[in-house]
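Ready for a few exercises? Take a look at what follows, try each task yourself, and then read through the worked solution.

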Amino acid sequence: MAKDSDRRDLFPGALELMILQSLRFRPMHGYALVKHIQQVSDNLLQVEEGSLYPALQRLLREGLLDSEAGTSAKGRPTRIYRVTDAGLRHLEQEVSSFEKMFAGITRVLAVDQA
Amino acid sequence: MSFLSKLFRRRRYDDLTVSIREHIAERADELVAEGRSRAEAEQAARREFGNVALIEQKSREAWQWPTAESVFADIRFALRQLIKSPGFTLTAVVTLALGIAVNATMFSMVSAFLLPHIPGRDTQNMVVVSSVNPDAQMTPDTNPVSAPNYFAWRGKTRVFSAMSADDAYRDGSLSRPGEQPESVSYSAVAPNYFTVFGLAPVLGRAFLAGEDQPGHDHVLILSHGLWERRFGSDPSIVGRTVRLNREDYVVAGVMPNDFHLLAFTPQLWTPLTLTAADHAAAARNNRSLYLFARLAPGVTLQQVRAQMSIAAQQAQKDFPATEQRWGVSVRTLRDFLIYNFNIGTALAVMMCIVGFVLLIACANVAGLLLTRAVGRQKELAIRMSLGASRVRVVRQLLTEGIVIALVGGGVGLFLAYFGIRVISAGLSFNDAVADVHVAMDTKVLLFAAVVSFVAAVLSSVAPALKASRTEINTDLKSEGRGSSSGREHNRLRVFLVGGEIALALFLLIGSCLLIRGVYVLGHQKLGFRRDHVLTAGLVLDKARYADSSKQDQFVRGLAAQLRQIPGVERVAVASDLPGSGAGSVPIHIKGQPESRSNELHSAMDAVVTPDYFSAVGVPLLHGRAFTASDDGTAPRVVIVNQEFVHKYFQDRDPIGKQIQLDTPGVAAGWSEIVGVVGDVKTYSGLPNVDPEVYEPWMQRPVAWFSVMLRSSVDPDSLTPALRHVLAQLDPELPPLRVMSMDQVIDLQQRGNPLFEKLLGTFAILALVLSAIGIYGLVAYSVGQRTQEIGIRLALGAKAADISRMILREGFKVAAIGSAIGFVFALPLPRLFESMFQGLIVGAPEVYPIVLAAMLVVAFGAIFGPAQRAARVDPTAALRSE
């Protein structure tokens with residue numbers, strides 16, 4: 001059965017944000033991407049395959065990612081994803097708006113506590 | 001979607017598959033490294049990844065134009081599914097095709113008669129002003145207007161920016177010099193007639209302002225149809241001379257092809273000449289003008305109606321002798337033309353009937369889809385367990401319904417093409433109807449598309465919703481042994497079939513009542529003998545027969561010669577054929593107080609030769625018939641009918657009493673009643689009889705009359721002899737309609753057989769469809785219960801018990817449905833009588849007969865499957881599945 005991944009998403013666009021950030025310095029294939037996010041977040045974030053592949057396709061369609069034929073660590077054929085210039089710009093915009101939003105949320109929470 | 005982008009997408013999808021395959025493989029490797037076996041690892045990796053197909057689909061959707069691709073896929077899938085079960089598909093498609101075909105066919109008439117194209121500029125601002133006849137039976141508010149009223153009303157420039165008059169339905173003879181004349185129907189119109197419509201001829205010019213003056217009025221404008229047919233579309237026709245009623249007319253123009261105004265579409269137009277006599281008070285009795293007007297800017301229909309009703313009241317006050325009780329009516333042009341045609345009610349009833357037929361067809365298809373859905377429950381359960389959402393499954397099933405309806409709609413349109421041809425062939429019984437072009441136009445196509453879509457939704461929504469409520473577990477596990485959802489499907493089917501039978505019975509009773517009513521009207525006793533009479537219409541033109549003595553002379557000569565024809569027993573000439581609705585005139589009775597009330601006495605007025613009553617077989621009851629001595633020099637005499645005696649003399653003997661007729665253009669004077677004759681129906685197609693006065697021909701000859709020959713031989717065989725006599729007397733005088741009286745009456749009622757045939761066809765269709773419906777229900781239920789029946793048989797039930805059980809269950813549905821339909825049909829006679837003027841339905845025997853017929857047909861439909869149920873082999877039934 002398909003797991004309901006939407007409920008575990010932080011907010012719309014969060015997964016895309018993390019994908020772009022992860023691929024920013026090192027192009028990877030799908031499996032490596034899942035592993036990478038898992039490790040970097042100390043297992044706090046687990047990317048659902050059910051969300052990852054549709055998200056990758058959306059980013060490809062919007063031209064934020066590019067893909068090329070490549071091989072995995074084990075030498076099997078796969079697709080390697082890399083961020084495009086447009087993807088970089090998009091990432092920067094999103095990060096700054098995310099930071100603003102995060103700051104906003106933090107402040108609201110702080111007021112609540114007081 | 002272009003081929004290239006499709007190819008491109010295919011590669012994208014392949015890349016995606018490669019990615020996912022690698023992903024799972026890598027995870028499996030990792031699990032192996034953790035110490036699991038290869039097989040176990042691969043399985044676990046797959047499980048963790050989730051539903052590969054679903055994720056692939058969702059990923060692909062990122063590329064797709066919202067859901068179009070999946071819709072295409074659904075349609076492809078639906079087509080494959082439908083092709084796989086041709087029996088089901090054929091039944092469903094044919095059922096819907098029939099339903100859609102009858103709807104499209106009937107709608108072609110609606111499109112032609114109720115949604116006609118009205119030629120002209122801004123026709124929504126055009127109105128028709130007509131008189132309201134206090135004594136008329138049919139559409140009393142479309143009576144033409146008298147010339148004095150036309151003169152008074154066209155001056156109301158505050159409400160009308162322009163008004164024109166049309167003296168319609170004239171008959172004349174048309175020829176080119178040296179050619180055989182032919183009779184034509186024409187209109188005399190005021191010179192501004194075409195200008196009021198904002199239309200110009202395609203050739204030549206419209207009438208000029210002075211052309212309504214005597215001496216300048218010998219110009220005419222041809223209709224496009226006549227120009228094509230009679231003059232071979234000759235572009236140089238304008239300016240040429242043709243002969244109309246033996247006088248030379250110059251062709252001024254040819255109107256465009258689309259200038260059709262339903263019943264107001266003559267073959268040619270001449271200018272309407274109105275003289276000083278038309279201004280006189282006496283002219284008020286001569287109501288022959290239809291007034292077409294254009295509203296002044298900013299004036300509403302309500303304002304015009306208010307203004308005109310004041311004008312009518314004024315006329316009543318100023319001219320009580322002629323205007324009393326007469327009113328005025330204003331309708332928009334479109335409204336008037338459609339209303340005047342008086343076909344709306346019949347079409348509305350027919351559309352209701354075909355709507356019901358379609359509903360029955362939809363119920364049948366819904367039943368079929370339900371059956372199919374039960375058969376496919378496992379397939380649906382598998383699809384849902386693989387991640388198809390409910391919406392997706394419903395959409396898939398709806399797509400199937402829509403594909404069926406669209407194919408059915410296509411086939412239906414194909415059938416409707418022939419239906420429309422049959423109908424338009426049947427719609428030629430009079431000039432006005434024949435002129436209306438019934439065809440499969442864009443309105444019909446659009447209607448068929450909408451109907452197909454509605455049919456699709458009606459027939460597939462319930463089954464689709466029902467089927468999608470599939471319980472995955474129970475349906476995958478159960479082997480379909482009468483599972484609960486199966487029974488629920490059956491309940492819905494019982495409901496559908498019951499409703500369908502109720503509708504069919506309602507429709508059958510309604511159709512039978514109407515057919516019977518129309519039949520009775522068409523076969524009523526008319527009051528005269530219609531057999532062995534040949535008739536011909538003649539119009540004596542003013543050019544050769546200027547005064548009444550010349551007319552009288554011609555008629556005497558004609559009658560004398562016709563009597564010489566072998567086989568002719570009697571010859572009569574009359575202003576009107578019996579049963580064809582003679583004109584009505586106001587009357588006064590000597591010695592009776594002149595109506596203190598508003599009521600003016602009136603009676604139909606016909607002028608007849610002495611032989612008339614014996615020639616057409618109207619019995620003389622009292623007094624005497626006319627004789628040759630009742631001529632212009634003798635005292636004026638009249639004969640009245642029984643209804644006249646009943647209404648005006650309270651059935652007392654009227655012989656010797658004096659009455660006076662206000663006939664337009666005739667010097668007033670008292671006439672003595674010398675005889676009483678039997679009643680003749682006013683119209684051959686209506687049950688009523690009006691008071692009627694007959695005047696002797698020689699005391700008041702008319703120019704427009706019919707000749708009747710009572711013969712001892714087949715009347716049609718006398719046609720050549722009649723034509724020969726006429727041609728010898730006057731070669732330039734074409735007879736209007738040479739036909740037997742039987743043909744005349746058939747022609748007047750030609751609409752009835754078509755109406756009856758259509759009603760009968762629809763009723764039988766409804767009966768057959770509902771029989772198929774109940775057959776399907778019972779056959780399906782027998783199939784579902786094969787095992788149950790097997791068990792019953794194994795436990796000792798007799799075959800006869802089994803078939804009786806099945807019969808009882810099927811019959812129960814039929815009986816309940818019939819009862820509901822029966823109850824709903826009870827108020828139909830009163831409804832029909834109020835809708836169709838003159839129709840007397842009162843036929844209670846129709847109810848039990850139709851009910852019995854319905855139940856017999858239902859029984860026949862159930863009988864087959866019930867017999868089959870009894871022949872179930874218990875061992876085979878128990879082993880199956």
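**Exercise 1.** Work out whether Arg700(B) is buried or exposed, and do the same for its salt-bridge partner.

*Solution.* Keep in mind that this is a predicted model.
- Step 1: Arg700(B) has a relative accessible area of 14%. The cut-off for buried is under 20%, so Arg700(B) counts as buried.
- Step 2: The partner is Glu695(B), and the two side chains meet in a salt bridge at 3.0 Å, N to O.
- Step 3: Glu695(B) has a relative accessibility of 6%, so this residue is buried as well.

**Exercise 2.** Find the salt bridge that Arg58(A) makes, and say which helices the pair ties together.

*Solution.*
- Step 1: Look at Glu16(A): the closest N and O atoms of this residue and Arg58(A) are 3.2 Å apart.
- Step 2: Place the two residues. Arg58(A) sits in helix H3 of chain A and Glu16(A) in helix H1 (residues 14–25) of chain A, so the bridge ties together parts that are 42 residues apart in sequence.
- Step 3: Check the accessibility. Arg58(A) is partly exposed at 34%, whereas Glu16(A) is buried at 17%.

**Exercise 3.** Start from Glu30(B) and trace the salt-bridge network around this residue.

*Solution.*
- Step 1: Glu30(B) forms a salt bridge with Arg27(B), with 2.6 Å between the closest N and O atoms.
- Step 2: Both residues belong to helix H1 (residues 3–33) of chain B, and they are 3 residues apart, about one turn of the helix.
- Step 3: Glu30(B) is partly exposed at 23%, while Arg27(B) is buried at 17%.
- Step 4: Now widen the view: Lys35(A) and Glu48(B) join Arg27(B) and Glu30(B) in a network of salt bridges.

**Exercise 4.** Describe the contact between chain A and chain B.

*Solution.*
- Step 1: Count the residues: chain A brings 23 and chain B brings 23.
- Step 2: Take the area. About 2,200 Å² is buried between the chains, and carbon and sulfur atoms give 56% of that. Tyr31(A), Tyr53(A) and Gln57(A) supply 30% of what chain A buries against chain B, more than any other three residues.
- Step 3: Look for pairings. The interface has 2 salt bridges, and Asp29(B) meets Arg76(A) in a salt bridge at 2.3 Å, N to O. There are also 6 residue pairs in polar contact across the interface.
- Step 4: Ask which elements take part. On the side of chain A that touches chain B, helix H2 (30–40), helix H3 (49–61) and strand S2 (77–83) each give two or more residues. H3(A) gives the most, with 8 residues.
- Step 5: Sort that side of chain A by residue type: 9 nonpolar, 6 polar and 8 charged.

**Exercise 5.** Sum up the fold of chain B, then find the surroundings of Leu878(B).

*Solution.*
- Step 1: Chain B comes to 29 helices and 22 strands, and 53% of its 881 residues count as buried.
- Step 2: Consider the overall form. The C-alpha trace spans about 135 × 70 × 55 Å along its principal axes. The radius of gyration is 37 Å, where a compact globule of 881 residues would have one near 29 Å.
- Step 3: Go to helix H29 (residues 874–879) of chain B, where Leu878(B) lies. Leu878(B) is partly exposed at 41%.
- Step 4: Setting aside neighbours within four places in sequence, Leu878(B) is in contact with Gln787(B), Ile791(B) and Ala794(B).

Notes. Residues are numbered from 1 along each chain as its sequence is written. Chains are lettered from A and ligands numbered from 1 in the order in which they are written. This is a predicted model: local features need pLDDT of at least 70, side-chain atom pairs count only at pLDDT 80 or more; totals for chains, interfaces and linings use all residues. Side-chain values use heavy atoms; hydrogens and water are left out. Contact means heavy atoms within 4.5 Å. Buried area is the accessible area (1.4 Å probe) that two parts lose on being put together, summed over both. A salt bridge is a side-chain nitrogen of Lys or Arg within 4 Å of a carboxyl oxygen of Asp or Glu. A polar contact is a pair of N or O atoms within 3.5 Å; within protein, one must be able to donate a hydrogen and the other to accept it, and residues adjacent in sequence count only if both atoms are side-chain atoms. Helices (H or I, at least four residues) and strands (E, at least two) are DSSP runs, numbered from the N terminus. Ala, Val, Leu, Ile, Met, Phe, Trp, Tyr, Cys and Pro count as nonpolar, Asp, Glu, Lys and Arg as charged, and the others, Gly among them, as polar. The radius of gyration is taken over C-alpha atoms; the globule rule is 2.2 Å times the number of residues to the power 0.38. Buried means under 20% relative accessible area, exposed over 50%, partly exposed in between (1.4 Å probe, protein chains only).
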